Amino acid sequence: MTRTGGASHTASRALDQAFGAGAVAATATAPGRVTLVGEHVDYVGGHVACMAVDLALTVAVRPSRDGWWRAAGLGQRVQRPAPVMAGDIGDRLFAAAVAVGGRGPAPPPLEIAVVGDLPASAGLASSAAVILAATVAMLRLAGRRVEAEELVAIALTAERDVAGVPCGDLDQRAIVHARPAEVLALDCAGGARRRVPWPWPAVALMVAASGESHDVGGREYRRCRQAAESACAALGVPTCQEIGERWSELEPGLRARGRHIATETLRADAAVRALEAGDVAALGRLMDESHESLRRDCEVSTARLDAMVAAARRVPGCHGARLVGAGFGGSVVALVEERAAEACAAALTAHSELDRATCLVRPAAGLEVTAADVVGGQLGGS
Ligand code: GLA
């Protein structure tokens, strides 16, 4: 059985275990994402180099027999008479149903279960992944097909307008458009994207959870986004791509944020060039610089993340390391020679709150590939 087949079975079984036997469920699996370089710039139209990874969440959905909405996962089991937000596991799942209903026939009341190995609140886009997996499963249940851009739009509506999280669009686009063995270069201003092959067979990315949980809906993320938007507004530029050196003109309270978004979008471009040139040392340096900017100018790192990053960098064969995702906890990603993976894992784990903190990941397929029965667009196209 394939991994996805196995996960579908596990999700359907979880549904039966939580709520008793019922109708045959529709299932869908969505991967997590890792940002290589380009953090905290998507919401101000920056450039991002990112990928989907082979850690994933699988959702099973089926109509409920009595009109109640139910959800199970992460050790929680909840139910309510309507798909409203209540601060629990049901929120993102029911938000997906509301957003699906906003662009077509409304799904009936549903029972939903989530399983998988993509950790929650770890900076790896589990929130976008669970919404996208639920959305695709609901579309499958209804026999509907959507274009890739519409799927991204539904997931963004669910997250921003229904769940109320002020995120950018990087996670959703990575999870939908990614391809195996390729890095996705996103322009978050105009929506353009291109792909760059992963050039090093013996170099991988190691993800290490700090054990400090982060919440993208939290106040810090919102503040970060507001500061970045204020910096662009103060300079009269539509996106961070037009700032260049002009961050130095900003008033002291906005200057550091302005410098982060101006330099991070340029670093994402440089990361793409490093991938194209096969220059692993350059990519590692850019990841290091990205972390430094996120720590000093964006102020989204923590002492634990800094310690993990420093420990990884000391390992011979580790080319660079940085926090990944929104920050305020979450995970670190390190660019590492496979032969150094064990040493790197030990160094990272020594500073994590967790005993089993690390995982080696590779660029994986997004939903355009894995859910081609539901998601339109040309396979192999841009
Ligand atoms: C979270 C958000 C994204 C992006 C990153 C930081 O993952 O969902 O939109 O802002 O943080 O790069």
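1. The ligand shell is shared between the two domains: domain 1 (4-32 + 54-176) and domain 2 (203-361) each supply at least three residues. Those bounds come from an automatic or database domain assignment. Bear in mind that this is a predicted model, where local features need pLDDT of at least 70, side-chain atom pairs count only at pLDDT 80 or more, and totals for chains, interfaces and linings use all residues. Numbering runs from 1 along each chain as its sequence is written, and side-chain values use heavy atoms, with hydrogens and water left out.

2. On the domains themselves: their centres, taken over C-alpha atoms, are 28 Å apart. Domain 1 puts 13 residues into the contact and domain 2 puts in 16 residues, contact meaning heavy atoms within 4.5 Å.

3. Who sits around the ligand? There are 13 residues, with Glu39, His40, Asp42, Asp171 and Tyr221 the closest; a residue counts if one of its heavy atoms lies within 4 Å. By type, the shell splits into six nonpolar, three polar and four charged residues. Here Ala, Val, Leu, Ile, Met, Phe, Trp, Tyr, Cys and Pro are nonpolar, Asp, Glu, Lys and Arg are charged, and the others, Gly among them, are polar.

4. Now the polar contacts (pairs of N or O atoms within 3.5 Å). Asp42 places a polar side-chain atom 2.5 Å from a ligand oxygen atom. Backbone N or O atoms do the job elsewhere: one of His40 lies 2.7 Å from an oxygen atom of the ligand, and one of Gly168 lies 2.9 Å from a ligand oxygen atom. The ligand exposes 310 Å² when taken alone, and the protein buries 97% of that (Shrake-Rupley method, 1.4 Å probe).

Conventions
A polar contact is a pair of N or O atoms within 3.5 Å; within protein, one must be able to donate a hydrogen and the other to accept it, and residues adjacent in sequence count only if both atoms are side-chain atoms.
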